[in-house]
Amino acid sequence: MLTVVDNQRPQLAADDKRPHAIVIGSGFGGLAAAVRMGARGYRVTVLERLDEFGGRAGVIQQDGFTFDRGPTIVTAPHLFEELWTLCGKRMQDDVEMLRLKPFYKLRFDDGDMIACSDDSDAMEAEVRRVNADDLPGYRRFMKLSDEIMALGFEQLADQPFSTVTDMLRIAPDLLRLQGYRSVFGLVSAHVKHPKLRTMLSFHPLLIGGNPLSAPAIYCLIPSLERRWGVHYPQGGVSQIVDGLVKLIRGQGNLAVTRSEVAAITITDGKVSGVRLSDGTRLDADIVISNADPAVTSALLPNGQRQAKRLVKSRYSMGLVVLYFGTKRRYDDVGHHTILLGPRYEGLLNDIFKRRPLTEDFSLYLHRPSASDPSVAPSGCDAFYALTPVPHLGADIDWQEATARRRDAIVERLSSTLLPGLRDEIVTEAIAVPDDFAERYLSPYGSGFSLEPILTQSAWFRPHNRSDAAEHLYLVGAGTHPGAGLPGVISSARMLDRMVPDAVAFKR
Ligand SMILES: Cc1cc2nc3c(=O)[nH]c(=O)nc-3n(C[C@H](O)[C@H](O)[C@H](O)COP(=O)(O)OP(=O)(O)OC[C@H]3O[C@@H](n4cnc5c(N)ncnc54)[C@H](O)[C@@H]3O)c2cc1C
């Protein structure tokens with residue numbers, strides 16, 4: 001029998017004849033892969049180097065407040081539900097999902113707000129209020145977004161791109177839907193008003209992309225949100241992480257923290273197991289890596305050159321995330337607010353290309369206590385404020401810049417949505433690109449791994465089936481289809497099309 005105890009060293013159970021799958025890393029991609037392999041009849045061991053599961057979706061518990069470290073906007077919840085179904089269970093028994101209305105509000109620098117939701121009439125009223133001339137273009141764009149979503153979800157995010165032929169297959173549709181344009185370019189061809197252009201084009205920032213250069217395939221996001229909604233799991237996104245770990249353990253499998261993989265072992269061109277940083281060796285029939293692709297390459301016997309090549313790729317921007325709790329509530333502030341600065345295109349160019357640390361910035365403000373009293377003590381609010389910044393390829397000394405940016409965020413929020421904030425904060429923590437590099441081994445401390453540009457998408461992105469060894473697979477933000485919760489869960493879904501049935505390894 002397999003007894004599962006937290007942080008128990010992985011042990012082979014003598015009576016367990018299932019072929020062994022090792023998953024390196026417990027981000028959402030790794031956890032989803034583990035559930036899928038468990039359902040396919042593999043004995044699974046998840047090895048996580050940190051002291052908690054979830055990777056970027058970890059949690060900070062501090063002074064009675066609960067802060068999700070990373071993802072907060074949950075779209076396409078059916079992708080998660082599918083994982084529970086695979087185990088014969090119902091997600092709603094473990095996680096209570098709340099569909100948010102509105103999804104989020106955009107606050108422009110002049111104080112104007114647009115509430116975005118799945119209410120088509122309300123959305124059209126907002127468009128008419130901002131610029132009535134843009135209404136026909138808005139309608140055309142949303143129709144196109146639906147078409148792109150059909151292509152993006154069913155033919156891009158759902159299909160492995162292991163060969164050039166896979167790429168050629170979807171090329172005609174990509175051309176027809178102008179997937180070669182940028183998100184901002186396609187949006188601008190339909191609406192003229194700068195506020196509407198921002199409203200329809202900012203989404204790639206949620207997955208590490210620059211709206212000015214992310215391929216128009218990401219114009220699917222407005223349609224995706226409208227179709228399946230924006231959700232919040234009560235207790236925070238970490239509740240989904242906990243639920244997935246419970247599923248893995250319920251399959252009789254093992255998930256352990258504080259277990260760092262130092263090497264992936266290969267025998268005769270096939271993966272044979274891993275070596276942990278404490279020297280422990282574990283045999284495996286298949287290995288799935290959820291680490292960043294550059295990190296995965298460096299774990300391979302001859303992977304240094306490939307790792308160096310990957311590090312020369314284009315990476316997504318860095319992030320500063322300020323987590324803070326207040327001793328009062330700000331009840332007129334919604335669950336998700338995006339505060340735009342005075343510049344849009346200019347700021348994006350600065351963050352992704354020129355890379356100075358600018359005086360102006362945009363902010364995404366998360367206030368989960370708007371929907372969930374459990375994340376803050378009574379009468380208090382839990383927040384995080386996230387701002388995109390250049391990654392560590394820029395000449396910015398975060399030792400010196402962190403306090404400055406922290407003060408500027410507090411100042412900006414005090415003068416806009418959270419009056420008097422400076423004197424209301426009772427607890428706080430901050431993450432800057434240096435922390436992303438150290439904590440998640442993220443190249444350049446980027447928030448989302450490889451930048452989503454056309455030449456780093458689909459077949460051009462690290463493949464889910466490794467080219468380096470048989471029975472080695474890659475999932476997570478740096479692989480196809482890309483970052484964001486729907487992306488990384490889909491990367492694990494791809495494995496069902498490429499991992500051999502467990503019976504192929506039966507001894
Ligand atoms: C601040 C922030 C906000 C975000 N907001 C949203 C949002 O609202 N909605 C959304 O959809 N997406 C959002 N994202 C993106 C989303 O969170 C990520 O794309 C996704 O969670 C990444 O999952 P992953 O599977 O790539 O794994 P990761 O989360 O990157 O985890 C990989 C894991 O592998 C482990 N690991 C690495 N190397 C080893 C090793 N050698 N041995 C053992 N373990 C190892 C790491 O410790 C880590 O735990 C956000 C991201 C950030 C950072």
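Which residues make a nonpolar surface patch of about 320 Å²? Before selecting them, note that this model is predicted.

**Stop 1: the surface patch.** Select L175, Y180 and L454; together they make the nonpolar patch on the surface. To place Y180 along the chain, display α5 (164-176) and α6 (183-188): Y180 belongs to the loop between these two helices.

**Stop 2: the ligand and its shell.** Next, select the ligand and the residues around it, which number 39. The closest include E48, R56 and I73, and A477 and L485 also belong to that closest group. Colour the shell by class: 21 of its residues are nonpolar, 13 are polar and five are charged.

**Stop 3: contacts with the backbone.** Now show the backbone atoms of I73, where an N or O atom lies 2.8 Å from an oxygen atom of the ligand. Move to G484, which has a polar backbone atom 2.9 Å from a ligand oxygen. At L485, a polar backbone atom is 2.8 Å from an oxygen atom of the ligand. The ligand taken alone exposes 1,000 Å², and the protein buries 96% of that area.

**Stop 4: helices and strands of the shell.** Select α1 (28-39), β14 (318-326), β17 (381-389) and α15 (485-493), each of which supplies at least two residues of the shell. Highlight α15 in particular, since this helix gives the most to the shell, with three residues.

**Stop 5: the domains.** Finally, colour domain 1 (20-57 + 77-85 + 235-311 + 453-505) and domain 3 (317-445) separately. Why does the ligand lie between them? Both domains give residues to the shell around the ligand, so the ligand lies between the two.

Technical notes
Residues numbered from 1 in each chain as written. Predicted model: local features only at pLDDT ≥ 70, side-chain atom pairs only at ≥ 80, totals over all residues. Heavy atoms only, no water. Near = heavy atom within 4 Å. Polar contact = N/O pair within 3.5 Å; in protein donor to acceptor, adjacent residues only side chain to side chain. Areas by Shrake-Rupley, 256 points an atom, 1.4 Å probe, with all protein chains shown as cover. Helix = DSSP H or I, 4+ residues; strand = E, 2+ residues; numbered from the N terminus. Nonpolar A, V, L, I, M, F, W, Y, C, P; charged D, E, K, R; others polar. Domains from an automatic or database assignment. Patch = residues over 30% accessible without salt bridge, like charges linked within 9 Å, V, L, I, M, F, W, Y side chains within 5 Å. Salt bridge = Lys/Arg side-chain N within 4 Å of Asp/Glu carboxyl O.
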